[in-house]
Each structure stands twice: as structure tokens, then as C-alpha cells.
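Please read this briefing alongside the sequence and the model shown here. The points that follow are grouped by topic.

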Amino acid sequence: IPCKRPENILDGQFDPDPRDKYYVGSVVIYRCKTDFSLIGNSTITCITTEDGRNGKWNLPAPECKNVKCDRPKVENGKLINLPKPSYTYNEAISFECNSGYSAVGSLHIKCGANSSWVPAIPECVIDNCTSPVLPPHSTLKEDIPKEGYPVGTVLTYHCISGYEYIPGIKASITCLNTSKWSEISSLCQGKKCPAPIIQYGKTDADDDDDDIRLGGNVTFSCVYGYRLVGEATLKCILKDGKVDWNREFPVCEHIPCKRPENILDGQFDPDPRDEYYVGSVVIYRCKTDFSLIGNSTITCITTEDGRNGKWNLPAPECK
């Protein structure tokens, strides 16, 4: 199966078959004149068409072009290869940026068929850090954050109202030559509320040294024999620019018992103020010639709900 004679090309040629006849399987090699570059494939082959009845060339004929790319210049960068005044087709060169600068585009380029560099000549731009992400509860000391900061810039944070620096943590960041900020995760913590202490009381924060900070809660309860008057749970908030509790502390009130019952032909030793609270002990005695039936001693204890007082035993009798 024959193929048409290969196409002649400007400023180039191919080695013809001795009989200048070409069949399926024939291979033709193109070459260009001096100072011309071959664009495309230098070798084409005669193959069959899809129906298998005719021949065709597998690729179009190449072109011969006088390709010349001038040596590029990159501000704030330098050429790694041995410099030349100009470069021919497909010659590759590489650049590197000066310290403190980063490449925009590829640092490796080739001379293209149109006498231009592919991809485009890169730029070396000064390294910048973008506007930093603020750690929680902090702000920058400068009034208006910028979109970018040059390498070496140091920025200082301060904590917003109600917060303070965490001890031992540096309050500044630096724009590194990687165009990233030095790391800082946590910087500010809530200030402490006044110590939650009430007489005869305890809190659920006792195991944490009562270290309650802005946003935290504390719940009060009373020791045995006392009952809580007021709201049990308080929140540490920012109030008038100061960290304080959202309401007054509750108080622990001593739980009272009713006055002990008087008994016939007997008596008990009354409290000097005639007031009786959980823990109070009363001792009964009978008149001469009378016997005490029951327990001589009764004690004021709390009821099951812990809110009220009651005597642990009934008053005795004198008979």
C-alpha cells in the first residue's frame, strides 16, 4: 500500500527513498538547515488508513524555524546555568531567588517555538506573611492589621478585656523567611474571679484550688448542719470592665430544731439563748423519787432532705 510523497518543508529537507516511492512501513527523517530548529517530530512513518486500503503518514511534517530566545533577566534572582547571550529551541534554564524573595511562576523554563520562554519568565517577589490569625481572646497592638508583612516583622498581641497573658508564653510573633509566622496557639486566659469562699460552705471547685476564671461556674453547698440560702451556682463574668461573679454569694444558715419538749416531773438544761441547732445536745433529768423512762439525751439532727432539723429521739418520761 503506497503513501503520497512526503511534504517538502521550508529551510529543511528529508532523505528521499532512492526510488522516491513510499509504502506502508516507510520511514522518513527530516532535518533543518544550520541555525534552524526543528519544530515537531523529525520522523514520520507510512501507515494504513482506518479501512486498511490506503496509506497515510502518521504525523504531519515538522517545521524549521529560526528560534532564538534572549537571555532573560529576573530582578532579585539569578540564573543557575552558565549564561549565554541567547538560546535555541527547547534549551532549558533555571533560576533561584535571592534570600528574602520567593518565586512567582516556575523557576525552570524552556525556549519555545515562538522564540519565547515557556512557561513565562518567573518573578522574584519579596517574601511576605499574610495577616495573622489571632489567638483566642487577643488583638494586635497595631490599630489596623495589614494584608501583608515583610520577613522579619515582629507583631505583638495583647489580651482583650477580662483576659490576661498565660505565664511563660511570648506575646509576639515573627514573620519567618518561609513567609509563615512563628507559631503561637494559646496566649490569653480569663482572669480569675474573687475566691468563692463562704462561711460553713464548700464548692465543687475545691479540688482546683478555687481557681475559677472568666466564663467558669462554681456551685456552692454547705457543710453538715447548714443549709444554703440563695442561688447555688454562680458564673464568672465581665461586669463593668472587671471580672466578677454574676450575683451575690449565697450563705450557709445553721439549721435549727424546735425547742425540746417539756416533760412532766422532769426538766432539761436549756441552751443559754434557748436556741437549738443541728448538733445541739439536750439532757433530761427527773425530780427526786421519779425514774426516767427512755433516753436522757437527745440530739438535733437533719431531716432526710438535709434542709431542716429534728430531734433524733422522742423526749423521755419521768414516772
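A residue is called buried at under 20% relative accessible area, exposed at over 50% and partly exposed in between, with a 1.4 Å probe and protein chains only. By this scale Arg-227 is buried, because its relative accessible area is 17%. The model is predicted, so local features need pLDDT of at least 70 and side-chain atom pairs count only at pLDDT 80 or more, while totals for chains, interfaces and linings use all residues. Residues are numbered from 1 along each chain as its sequence is written, and side-chain values use heavy atoms, with hydrogens and water left out.

**Salt bridges**

- With a salt bridge defined as a side-chain nitrogen of Lys or Arg within 4 Å of a carboxyl oxygen of Asp or Glu, the count comes to 14 salt bridges.
- Arg-227 and Glu-253 form one of them, with 2.8 Å from N to O. Since Arg-227 belongs to strand E26 (residues 226-229) and Glu-253 to strand E29 (residues 251-254), the pair ties together parts that are 26 residues apart in sequence. Glu-253 is partly exposed, with a relative accessible area of 35%.
- Lys-84 and Glu-91 also meet through their side chains in a salt bridge, at 2.7 Å from N to O; Lys-84 is partly exposed at 32% relative accessibility, and Glu-91 is partly exposed at 24%.
- The side chains of Lys-310 and Glu-304 make a salt bridge of 3.1 Å, again N to O; Lys-310 counts as partly exposed at 30%, whereas Glu-304 is exposed at 73%.
- Glu-164, Lys-192, Asp-211 and Arg-213 are joined into one network by salt bridges that share partners.

**Sheets**

- Strands here are DSSP runs of E with at least two residues, numbered from the N terminus, and two strands pair if DSSP finds at least two bridges between them.
- One open sheet of four strands follows the order E10-E12-E14-E15 with antiparallel pairing, and its edge strands, each pairing on one side only, are E10 (77-79) and E15 (117-118).
- Within this sheet, strand E12 (residues 92-97) runs antiparallel to strand E14 (residues 108-111) and is joined to it by three bridges; Ala-92 has Lys-110 in E14 as its bridge partner.
- Another open sheet of four strands has the order E30-E31-E33-E34, also with antiparallel pairing. Strands E30 (266-268) and E34 (309-311) stand at its edges, each with a single partner strand, so one side of each is left without a neighbour in the sheet.
- Neighbouring strands of the E30-E31-E33-E34 sheet are turned by 25° against each other on average, direction ignored, where axes are lines fitted to C-alpha atoms and angles run from 0 to 180 degrees between N-to-C directions.
- E30 pairs with strand E31 (residues 281-286) in the antiparallel sense over three bridges, and Gln-267 has Arg-285 in E31 as its bridge partner.

**Aromatic pairs**

- Rings of Phe, Tyr and Trp (its six-membered ring) pair if their centres lie within 6.5 Å, with planes under 30 degrees apart counted as stacked, over 60 as edge-to-face and the rest as tilted; a search of the whole structure finds ten such pairs.
- The pair of Phe-220 and Phe-249 is tilted, because the ring centres are 5.2 Å apart and the planes stand at 55°.
- This pair links distant parts of the chain, 29 residues apart, with Phe-220 in strand E25 (residues 217-222) and Phe-249 in the loop between strand E28 (242-245) and E29. Phe-220 is buried at 3% relative accessibility, whereas Phe-249 is partly exposed at 28%.
- Phe-268, Tyr-276, Tyr-284 and Trp-311 are linked into a cluster by ring pairs.
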